[in-house]
Amino acid sequence: MGAATERRRRTRTAVAAAIAIAASLSACDSALVPPFSGESAPPTAPPSSAPAAPGSEGAPPVVADRGPRVVPGPVALGGDRVAGLVPRLAAMRTDGFVVSARWTVPPGTTAFGEALTARVAAAVRGFADANGAGWTPGVDLVAGGASTPCSGGSAFAVTPTRLSIDCSIVVASGTVIGERLVIAEIGPDGAAQPAREVWYADGADGGVHDGAGLYAAGSEKRVLALVAEALRAAGRVDTGEDPFAGTAPEAARALLVDSAAGGAGVVVTLAVPGTERSRPTSVHMPWRLLEPFLSEPGATVRSAAVSGDPYEPPSAPGGDDPVDCTLLPCASLTFDDGPTSLTPSLLDVLDRERAAATFYVQGSSVARNPGTAARIVAAGHEIANHTWAHPNLTKLTDEQVRDEVRRTQDAIAAATGVRATSLRPPYGASNAKVRELVALPFVVWDIDTRDWQDPGVDVVVDRAAGGAAPGSIVLLHDTHQDTIDAVPSIIDRLRSRGFALVSVADQFGGALPGRGVLVSHGPR
Ligand SMILES: [Zn+2]
């Protein structure tokens, strides 16, 4: 066999192996297991009817409250079925590997969102580093992009080296949320056992804990005894055998990290000691049996899961979802020349879509519409200076330049209570002399939609969303109805490519480069 043929054969084998691994991962990953009624079901379902899920390991049909039992996997609500959550996607591709990481966070700044984002960031950055590349977020890599919450398309199953993180919501009820992450890594030597973990929090500031945190400290062995009982009943271990005998307390907690709370009880998924190389096993334990072993946060999760109440996400302005643009690929929509009578309906759209934007306002317009200017700031958007009367600054005297900027700063401060920290020169026109005169960074754009020529909604959408790259700053005007009409599709298209939408300042971590600097896009 020639070297080339041999190489092709080995590549085919590796690809086939990768596909097989990917297939087996999806087959056993919970997110794809359809919910069985009774657990996480709408209140109309009778609470005691939990039939065995399809293909449930040959176990007989069971009643929810009978006892611990082996099940195919935890029940997932699916992020798309929980209103009010914010999907996140971090993806990267090099010649050597791909990364696709999905998770979902509550709106605004929450301890839960910060903890999950930090968890994912550590995993993806660590993977990129270990494979010889710094983390660089990419777009156009994953089907569905950032508009698909949890269990969206995966990236490039045939690329041998990859990291895939997917999420599912196990409970979202009242102020309690529980989210499961499955972190699967496939290296050149094959797949490692995926890490599976569930994270919980109660409210925006509530403490964040993992699945093991459902149980009171010291009760882990009792919970594992329930698991062992289910394994014996299912014939997975011999009668009288306890696979967890001699498990140290720390190791016991680690075994219980993937504990998924539902309406009828908890499904813990773990690798039974001695069988680590095989598929993990899921065991359902009814709340009745777990009651004595729950921690205080565990009791809170139980009450929420049992109640079946709808989720009450923390309230936060639509433009206020925190985004780290070194982790996610960012783009900024910018709106010039307002505020106008069209701006309130634009703000409605941005609120509904939870998309942040930057408004370069004219001082004269702010003086006419101070309430709208105040609403821009209250909604979490960035407001910045676009001069008073829209002159070409390079054609003015020094005194006129200072006057245009100062009057607008004053009008913005009077209407909103905040000081603008950047300026967009009308027509993008500036020179070194003008930039030296104004004590602010100058922000222009790299994507010009020319929406002021009224080319029609579709053209504006194509120009805005089609040409954007990570770091892009898109020029639009909230003075044209077609632009307002285009914004929902622009947001959809950018998110489906994988972008997170942030203010210009947030592309720079909240602080733009210093005075006199000319900025046309974010860090790249
Ligand atoms: Zn303008």
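**Exercise 1.** Determine how the span of helix 6 (residues 296-307) relates to the expected span.

*Solution.* Helix 6, a DSSP run (H or I, at least four residues), has twelve residues. The expected span is 1.5 Å times one less than the number of residues, which gives 16 Å. From first C-alpha to last, the helix reaches 17 Å, close to that value.

The structure is a predicted model, in which local features need pLDDT of at least 70, side-chain atom pairs count only at pLDDT 80 or more, and totals for chains, interfaces and linings use all residues. Residues are numbered from 1 along each chain as its sequence is written.

**Exercise 2.** Identify the buried residues of helix 6 and the elements against which they pack.

*Solution.* A residue is buried if 20 or more other C-beta atoms, placed from the backbone, lie within 10 Å of its own. In helix 6, Pro297, Gly298, Thr300, Val301, Arg302, Ala304 and Ala305 are buried. Their packing partners include strand 4 (162-173), strand 5 (176-187) and helix 5 (287-290). Just after helix 6, Gly308 takes a positive phi of about 70°.

**Exercise 3.** Describe the surroundings of strand 13 (residues 358-361).

*Solution.* Begin with the pairing, for which DSSP must find at least two bridges between two strands (E runs of at least two residues). Strand 12 (residues 330-336) pairs with strand 13 in the parallel sense over three bridges, with Thr334 opposite Thr358. Strand 14 (residues 382-385) also runs parallel to strand 13, joined by four bridges; here Ala384 is the partner of Tyr360. Finally, consider the faces: Thr358 and Tyr360 are buried on one side, Phe359 and Val361 on the other.

Definitions and conventions:
Buried ≥ 20, exposed ≤ 12 C-beta atoms within 10 Å, placed from the backbone. Contact = placed C-beta atoms within 7 Å.
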